[in-house]
Structure formats: structure tokens, C-alpha cells
Amino acid sequence: MALLAACTSCVKDVDLDQTDEIVLSPEAAVDLIFFDLVDEEFTVVSSSGVTAKDETRLDFLDDDYIQNDLVRADFNFRFTNTFESHLTAIIRFLSPANGVQHTILVSIPRGSSETPSVIDYTEIINEAQINRIRRSIKVSVEVTRHDPSAVAGSLQLASKGFFYFEFK
């Protein structure tokens, strides 16, 4: 009898209509783009230096769940520069028609093989800006080496995206 009373009192206060208020907030970490650029890969010459480019598709952004439930994204870019030249990286998130949706500019100080320059940069895209990422399907990185004569060295990039969702 005491067991029946205990079970009844526990269930009595449960409001099953609250299931509409349950929100799941999972996170996902995804490798974005990575490379190790050497002198020969800087092929485009301009007035500001020599440039190398790389691009990758972010096919997972085309998923309906991501399109509907993505609320925030953090992008981390880690550059390691051993060129004895200042570099500039322009990171662009592109639409399927190559329209620029979001741009990140990272200045990378000169380094050397003995003391590489390491830049660890994070860009946070909040809920007010998240549609820029939802409209993207590619990420491109354009790196300019401002002293073309600094041929010895390399530039390494490792990047990761951290995606935050709210499934209701």
C-alpha cells in the first residue's frame, strides 16, 4: 500500500505537455581546411606580393538539420609561419554560386625555421550572423606573402569548425 502511494505521488506532479519545451543542444567539431604551403605554391604575382590559394567544400552544411538548427559556429585557424616574410590570409566562406558570405582576415607575422610565428585565431559566428554560414558550401583561403624574395620556409594551416545546434 505504501509503495502504491509513493508511485502515485511521484507521477501526479509530472506534466507530460512539457515535452514540447525540451531542447537538445549538441555540438560537433569538424576539420575544415589544412595545408603546408611552400615557396613553389605561391604562383600568382601581384603588387602586394605572391599568392597561393586553397579551397574545400563543406558538404555537411547542405544538410537540412544543419540549415534549420545551426545557431552558432566557432572557427579556429592555426597558422605556423617559417617564411621570413609577413603574410596575410583571407578566408572566405562561399555560396554555391561563389558569392562571398563571410570573410576573415588574418595577419601573420614573419617567422623563421628557428622561431616560427604561430597565430591561433578564432572567429565566433553568433546567432545573429549564422545565416552567412548556412548559405555557405565552400571555404577558401588565399595567402599573400608580402616579400616574394623570402623563398625559404613554409606556412602550415590547421583549422577546425565547432558547430552548435538547437534541436527542438
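## Two antiparallel sheets and a shared nonpolar core

Five strands make up an open sheet in the order β2-β3-β8-β5-β6, with antiparallel pairing. At its edges are β2 (44–46) and β6, each of which pairs on one side only. The model you are looking at is predicted. Its protein chain holds three helices and nine strands, and a second open sheet takes four of those strands in the order β1-β9-β4-β7. Here is a tour, from the overall fold down to individual side chains.

**The chain as a whole**

- Following the sequence, you meet the elements in the pattern α-β-β-β-α-β-β-β-β-α-β-β.
- The protein chain has 168 residues, and 39% of them are buried.
- Among contacts with a separation of 6 or more, 80% are between residues 24 or more positions apart.

**The five-stranded sheet**

- Neighbouring strands in the sheet β2-β3-β8-β5-β6 are turned against each other by 25° on average, direction ignored.
- Strand β3 (residues 49–57) runs antiparallel to strand β8 (residues 138–145), and eight bridges join the two.
- If you want a landmark in that pairing, look at Asp-54, whose bridge partner in β8 is Val-141.
- Strands β5 (residues 87–94) and β6 (residues 100–108) are also antiparallel, joined by eight bridges.
- Leu-94 stands opposite Val-100 in β6.
- β5 and β6 form a hairpin with five residues between the strands, and in this hairpin Asn-98 takes a positive phi near 70°.

**The four-stranded sheet**

- The order here is β1-β9-β4-β7, again open and with antiparallel pairing.
- Why do β1 (27–38) and β7 (117–125) each have one side without a neighbour in the sheet? Both stand at the edges with a single partner strand, so one side of each is left unpaired in the sheet.
- From one strand to the next, the twist of the sheet β1-β9-β4-β7 averages 10°.
- β1 pairs with strand β9 (residues 154–165) in the antiparallel sense over 10 bridges.
- Within that pairing, Asp-31 has Lys-160 of β9 as its bridge partner.

**The nonpolar core**

- The largest nonpolar core has 33 residues, and those touching the most other members are Phe-75, Phe-79, Ile-91, Ile-133, Val-143 and Leu-155.
- Which elements supply at least two residues each to this core? They are β1, β3, β4 (70–81), β5, β6, α3 (130–134), β8 and β9.
- The largest share comes from β4, with five residues.
- Phe-79 is a good residue to inspect in your viewer: leaving out residues up to four places away in sequence, its contacts are Ala-89, Ile-91, Val-106, Ile-108, Ser-117, Val-118, Ile-119, Leu-155, Gln-156 and Leu-157.

**Aromatic rings**

- The count of aromatic pairs comes to four.
- In one of them, Phe-60 and Phe-163 have ring centres 5.2 Å apart and planes at 75°; with planes over 60 degrees apart counting as edge-to-face, this pair is edge-to-face.
- Phe-60 lies in the loop between β3 and α2 (64–69), whereas Phe-163 is in strand β9, so their pair ties together parts that are 103 residues apart in sequence.
- Buried or partly exposed, where does Phe-60 fall? Phe-60 has 25% relative accessibility and counts as partly exposed, while Phe-163, at 1%, counts as buried.
- Phe-163 also pairs with Phe-75: the ring centres are 5.7 Å apart and the planes are at 80°, so this pair is edge-to-face as well.
- Phe-75 lies in strand β4 and Phe-163 in strand β9, so the pair ties together parts 88 residues apart in sequence.
- Both Phe-75 and Phe-163 are buried.
- Through ring pairs, Phe-60, Phe-75, Phe-93 and Phe-163 are linked into a cluster.

**Charges over rings**

- Arg-72 lies over the face of Tyr-164, at 4.6 Å from the ring centre.
- The charged end of Arg-145 sits over the ring of Phe-42, 4.7 Å from the centre of that ring.

Note on methods: Residues numbered from 1 in each chain as written. Heavy atoms only, no water. Pairing = 2+ DSSP bridges. Axes fitted to C-alpha atoms, helices over the stretch in contact; angles between N-to-C directions. Core = buried A, V, L, I, M, F, W, Y, C linked by side-chain atoms within 4.5 Å. Buried < 20%, exposed > 50% of the residue type's maximum accessible area, 1.4 Å probe, protein only. Contact = heavy atoms within 4.5 Å. Phe/Tyr/Trp six-rings, centres within 6.5 Å; stacked < 30°, edge-to-face > 60°. Lys NZ or Arg CZ within 6 Å of the ring centre and 35° of its normal.
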